[in-house]
Amino acid sequence: MPLPCDLLPPRRASLILLLFPAAVAAACSGDPSAKPGGAAGGKAGEEVRVVRVEPAAEAVLPRVVSVTGTLAAEEQAAVGMKVAGRLSGLAVDLGSHVAAGDELARVVSTDFELRVRQAEAALQQARSRLGLDVDGEQDAVDPEQTSLVRQARAVLEEATLTRDRARRLFEQELVARADLDAAEAAWQVADGRHQDAYEEILNRRAVLAQRRSELELARQQLRDTVLRAPFDGAVRERHASPGEFISPGQAIVTLVRVHPLRLKLAVPEREAAGVKQGQTVGITVEGSGAVHEGRVARLSPAIDEGSRTLMVEAEVPNLGGALRPGSFASAEIVVESGRPAVLVPASAIVTFAGIEKVILVEDGRAVEKRVRTGRRAGGQVEILEGIAAGAPVVAEPGNLAAGQAVRVAG
């Protein structure tokens with residue numbers, strides 16, 4: 001550090017003045033700008049950044065469990081014909097919406113129509129053998145009123161009279177024993193024929209029931225030549241084309257029910273205790289910012305040992321068809337209706353290398369605070385750890401650095 005000029009010895013001062021006139025003159029003049037290595041202005045000349053500050057707000061937010069899952073159809077079926085045949089037409093295609101009972105496809109029905117006629121003729125024949133009207137629908141019949149049984153009963157009654165008469169004459173010793181034995185034998189034959197006639201009518205009645213069932217089966221097979229939707233839904237996939245020969249059970253279309261949808265979620269074990277049936281679930285899907293609401297419908301009775309998660313299913317209404325089965329979804333299960341929370345603007349969060357921070361203003365300087373964020377609520381972000389409610393947070397820090405001088409905008 002140079003000595004003041006009034007403290008230098010006279011001879012040494014003269015030498016210095018000869019060798020370094022400019023430096024000595026500057027030192028003696030007291031000009032601070034001429035100090036070796038000095039920065040002009042120091043802190044007085046530092047740039048001050050004007051910032052907008054918003055205090056961290058305290059609000060009440062529901063406590064939620066955030067999980068991800070997949071939307072699945074409530075019902076899905078690969079629908080096929082019950083009968084074999086050549087496919088004559090398809091009434092739907094990929095994406096077609098159908099109601100329960102709507103026609104999906106049909107096969108050529110000529111063979112099945114002929115089987116119905118064959119069964120109708122066999123039924124008429126069976127009804128005729130029982131003495132019923134061939135075109136009637138009532139199949140009940142009293143065996144005793146049929147001609148076959150009445151004829152056998154008349155023969156039996158005649159044989160009974162003949163036997164009784166032979167007994168009286170034999171008791172009066174007017175006929176031989178052989179005549180009585182012949183009358184007894186004739187009665188037994190007549191009685192057997194009457195029983196046989198009765199059983200024949202029962203057999204014919206059973207045949208009638210069989211023919212009636214065969215006719216109903218033929219009619220059902222004819223109806224089965226038309227494939228109908230088992231439930232309301234949409235065609236997810238088409239497997240066949242007109243002209244193909246279709247085997248029973250072969251898939252023709254895959255049908256899915258799109259309302260409601262079933263959301264399958266794997267809830268971590270640590271959060272599983274708070275999840276209950278009936279709780280509200282907020283759902284968002286990739287490519288859409290809309291939030292859809294559902295409810296917890298089913299919970300697995302056990303924790304999966306491999307993943308340490310609880311399988312949960314939620315039902316999600318989808319009347320407008322905005323959601324699609326198979327979509328990846330993010331869900332928030334509301335496990336507690338109200339919970340105090342600290343909120344800051346989303347623009348106040350600075351993320352670097354996976355670390356989240358906010359910038360506060362303290363004593364006219366920018367101060368970084370590391371935070372842990374939670375849910376987003378509109379343009380606000382929940383702060384779980386790091387700052388308290390009321391902390392002055394820079395709303396839009398941009399490239400503002402820690403320690404930089406700042407002035408809060410009025």
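Hi everyone, let's start with one residue: Thr280 stands opposite Arg295 in strand E12. One thing to keep in mind as we go is that this is a predicted model.

So where does that facing pair belong? Strand E11, residues 280–285, and strand E12, residues 292–304, run antiparallel and are joined by 4 bridges. The hairpin they make has 6 residues between the strands, and there Gly287 takes a positive phi near 85 degrees.

Follow E12 onward and you meet another partner. Strand E13, residues 309–316, is antiparallel to E12, with 6 bridges joining them. Here Ile303 stands opposite Leu310 in E13. E12 and E13 also form a hairpin, this one with 4 residues between the strands, and Arg308 in its turn has a positive phi of about 55 degrees.

Now for some empty space. The second largest pocket has a volume of about 270 Å³. It is lined by 13 residues, and those closest to its centre are Ala234, Val256, Val258, Arg324 and Pro325. Which elements give two or more residues to that lining? They are strand E8, residues 233–238, and strand E10, residues 251–268. E8 gives the largest share, 3 residues. By class, the lining has 7 nonpolar, 4 polar and 2 charged residues.

Last stop, the aromatic rings. The charged end of Arg163 sits over the ring of Trp187, 4.4 Å from the ring centre. Likewise, the charged end of Arg115 sits over the ring of Phe112, at 5.0 Å from its centre. And how many aromatic pairs are there, counting ring centres within 6.5 Å? The count comes to 0.

Thanks for listening!

Notes. Residues are numbered from 1 along each chain as its sequence is written. This is a predicted model: local features need pLDDT of at least 70, side-chain atom pairs count only at pLDDT 80 or more; totals for chains, interfaces and linings use all residues. Side-chain values use heavy atoms; hydrogens and water are left out. Rings of Phe, Tyr and Trp (its six-membered ring) pair if their centres lie within 6.5 Å; planes under 30 degrees apart count as stacked, over 60 as edge-to-face and the rest as tilted. A charge sits over a ring if NZ of Lys or CZ of Arg is within 6 Å of the ring centre and within 35 degrees of the ring normal. On a 1 Å grid over the protein atoms alone, a cavity is a set of points where a 1.4 Å probe fits but cannot get out, and a pocket is an open set with protein on both sides within 12 Å along at least five of seven lines; lining residues have an atom within 4 Å of a point. Grid points are joined across faces, edges and corners, and a volume is the space filled by probe spheres set on the points. Ala, Val, Leu, Ile, Met, Phe, Trp, Tyr, Cys and Pro count as nonpolar, Asp, Glu, Lys and Arg as charged, and the others, Gly among them, as polar. Two strands pair if DSSP finds at least two bridges between them.
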